[in-house]
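Welcome, and please open your viewer. We will go from stop to stop, and at each one you will be told what to select and what is there.

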Number of protein chains: 2
Amino acid sequence: MLYIIGLGLTKESISLEGRKALQKCNTAYLESYTSKLLCSTEELEQALGLHHTKIPKKLISATRELVEKQAEDTILKDAEQGNTAFLVVGDALSATTHIDLLLRAKERNIPTKIINNVSILNAISNSGLELYKFGKTTSIVFPQDNFTPESCFDIITQNQDISAHTLCLLDIKAEQEKYMSVHEAIHILLGIAEKRDDQDINENTLMLGCARVGTPEEQFVYGTAQQLLKVDFGKPLHCLIIPSRLHFKEEEMLEEFKV
Amino acid sequence: MLYIIGLGLTKESISLEGRKALQKCNTAYLESYTSKLLCSTEELEQALGLHHTKIPKKLISATRELVEKQAEDTILKDAEQGNTAFLVVGDALSATTHIDLLLRAKERNIPTKIINNVSILNAISNSGLELYKFGKTTSIVFPQDNFTPESCFDIITQNQDISAHTLCLLDIKAEQEKYMSVHEAIHILLGIAEKRDDQDINENTLMLGCARVGTPEEQFVYGTAQQLLKVDFGKPLHCLIIPSRLHFKEEEMLEEFKV
């Protein structure tokens, strides 16, 4: 059996159901490339109670390479032979790479069970912005070889056209421990706007900078792009929201987070 | 202190953190009008371990009336005097009514803490549809006095215009134990399309009918509106997804759920 278990956003966000399933597993992998908890693997093992149970004792770090290219010889092989957990920060199937692992397990007739948990896409409601009013989610990625993908900008403007807020997830290069900051994201957006000579996003655009959402160290700051560039957002993970038209209750909450 | 705690989608979805907070509370309210678990309050109390702890012993049902009109004399008063939990099926702040309660607590200088959990908006990823590609969420509501609100239809077409999927949440009349079914929702959409003479949604539109998402009794069925009208979706809660353009991985997953 392959359990794909969402860990949520803190080391103690696992559900009772998730922990029960985990304790039945011989082997447990921790997906380590699409997100990150604010603690060490040791601390997580402790919080999950692994040090007190016979099996599994430890979390095996699952890199993108391992999941996408070596799953047949590791995760899926283990799941064929016994209960195996694949732990994901946030929700279980939040990325295509997890859906793909699920499909490959099904192909091999391995029984699967998904155990859900909160992800950033849900927890941004802590800002008071209504989840119903978010449009498509986008990612802002690190420029590579001097090339900056601009699809994030298109998605923001598409969403603005239908009065929808946009959540921008920020790039992660887990192997290099590189996590994009709110500042870097704003610079990239302003850069694209300038290149396109597009005034939809500019230094005066109101944005909500977010850090460590869903954790006790959560931080939201609401202000213009220019203002947010002066705010210290601290440790990763960060994300950035470009709100659209606001309901007065949303405004009331954002007031609390004004620069 | 007021803890607003997401319960997730099953009776055992509460997080370790959420349960810890609950056990510190003298009083615990269960919000009972925006969603519903597939179990009785007794079973939930049992699963949460309330029968074994000294406090709180029982969950107090919080109707819309109580939360929106009597919170000052109940929930907020309790929270001023001691640790109080407000439990929400799904995530903590998934509805405006919860954000409003949070704002009223802050106004009264009551310390608050939000503990997140999975909601339907996240758990629909179990269908294999990519969460990034969902547009605005809408609700399909029961017609009242022969009036059928049509904004759901507008949101679906707005989303289709930007190639975004639409999650339609279905109306709940908790006091009357009335939960809209996939069938009723499809009839309402087809009715609006006919009235508007709009072919964007018709009997051949492909849809994903969903029931009890995030629970062991989860059901997804993918087919045309006409086909879904012949499927038995069983017990509530139901919801309905109108997918937009599909990625091939999404198609591969939906294949599994074909009528």
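Is B:Lys249 buried or exposed? Select B:Lys249 to begin: B:Lys249 counts as buried, because its relative accessibility is 16%. Here buried means under 20% relative accessible area, exposed means over 50%, and partly exposed is what lies in between, using a 1.4 Å probe and protein chains only.

Before moving on, a word on the ground rules. This is a predicted model, in which local features need pLDDT of at least 70 and side-chain atom pairs count only at pLDDT 80 or more, while totals for chains, interfaces and linings use all residues. Residues are numbered from 1 along each chain as its sequence is written, chains are lettered from A and ligands numbered from 1 in the order in which they are written, and side-chain values use heavy atoms, with hydrogens and water left out.

**Stop 1: around B:Lys249**

Keep B:Lys249 selected and show its surroundings. B:Lys249 sits in helix 10 of chain B; helices (H or I, at least four residues) and strands (E, at least two) are DSSP runs, numbered from the N terminus. Apart from neighbours within four places in sequence, B:Lys249 is in contact with A:Thr96, A:Asp100 and A:Leu103, where contact means heavy atoms within 4.5 Å. Now add B:Leu129: its C-alpha atom is 8.5 Å from that of B:Lys249, although the two are 120 residues apart along the chain.

**Stop 2: two helices from two chains**

Next, select residues 96-107 of chain A, which are helix 5, and residues 248-255 of chain B, which are helix 10. Their axes come within 11 Å and cross at roughly 40 degrees. Therefore helix 5 of chain A is oblique to helix 10 of chain B. Axes are lines fitted to C-alpha atoms, for helices over the stretch in contact, and angles run from 0 to 180 degrees between N-to-C directions. Angles under 35 degrees count as roughly parallel, over 145 as roughly antiparallel, 65 to 115 as roughly perpendicular, and the rest as oblique.

Which residues make this contact? From helix 5 of chain A come A:Thr96, A:Ile99, A:Asp100, A:Leu102, A:Leu103 and A:Glu107, and from helix 10 of chain B come B:Lys249, B:Glu252 and B:Met253.

**Stop 3: strand 4 of chain A**

Move to residues 84-88 of chain A, strand 4, where five of five residues are buried. Turn the view to see both faces covered: A:Thr84, A:Phe86 and A:Val88 lie on one side, A:Ala85 and A:Leu87 on the other. Then add residues 2-6, strand 1 of chain A, which pairs with strand 4 of chain A in the parallel sense over five bridges. Two strands pair if DSSP finds at least two bridges between them. Within this pairing, A:Tyr3 has A:Ala85 as its bridge partner. Add residues 27-31 as well: this is strand 2 of chain A, joined to strand 4 of chain A by four bridges and running parallel. A:Tyr29 stands opposite A:Phe86.

**Stop 4: helix 1 of chain A**

Select residues 16-23 of chain A, where the buried residues of helix 1 include A:Leu16, A:Gly18 and A:Leu22. Their cover includes strand 1, strand 2, strand 4 and strand 5 of chain A, along with helix 1 and helix 2 of chain B.

**Stop 5: a sheet in chain B**

In chain B, show the five strands that form an open sheet of mixed pairing in the order 6-7-12-10-11. Strand 6 (138-140) and strand 11 (219-224) of chain B are at the edges with a single partner strand each, so one side of each has no neighbour in the sheet. From one strand to the next, the twist averages 25 degrees. Helix 8 of chain B packs on this sheet, touching strand 6, strand 7, strand 10 and strand 12 of chain B, and its direction makes about 45 degrees with that of strand 12 of chain B. Strand 7 (residues 166-170) and strand 12 of chain B run antiparallel, joined by four bridges, and B:Leu167 stands opposite B:Ile241.

**Stop 6: backbone details**

Finish in the loops. Select A:Pro236 and A:Leu237, whose peptide bond is cis with omega near -5 degrees. In chain B, the bond between B:Pro236 and B:Leu237 is cis, with omega about -5 degrees. A:Asp145 is not a glycine, yet has a positive phi of about 50 degrees; A:Asp145 is exposed, with a relative accessible area of 78%.
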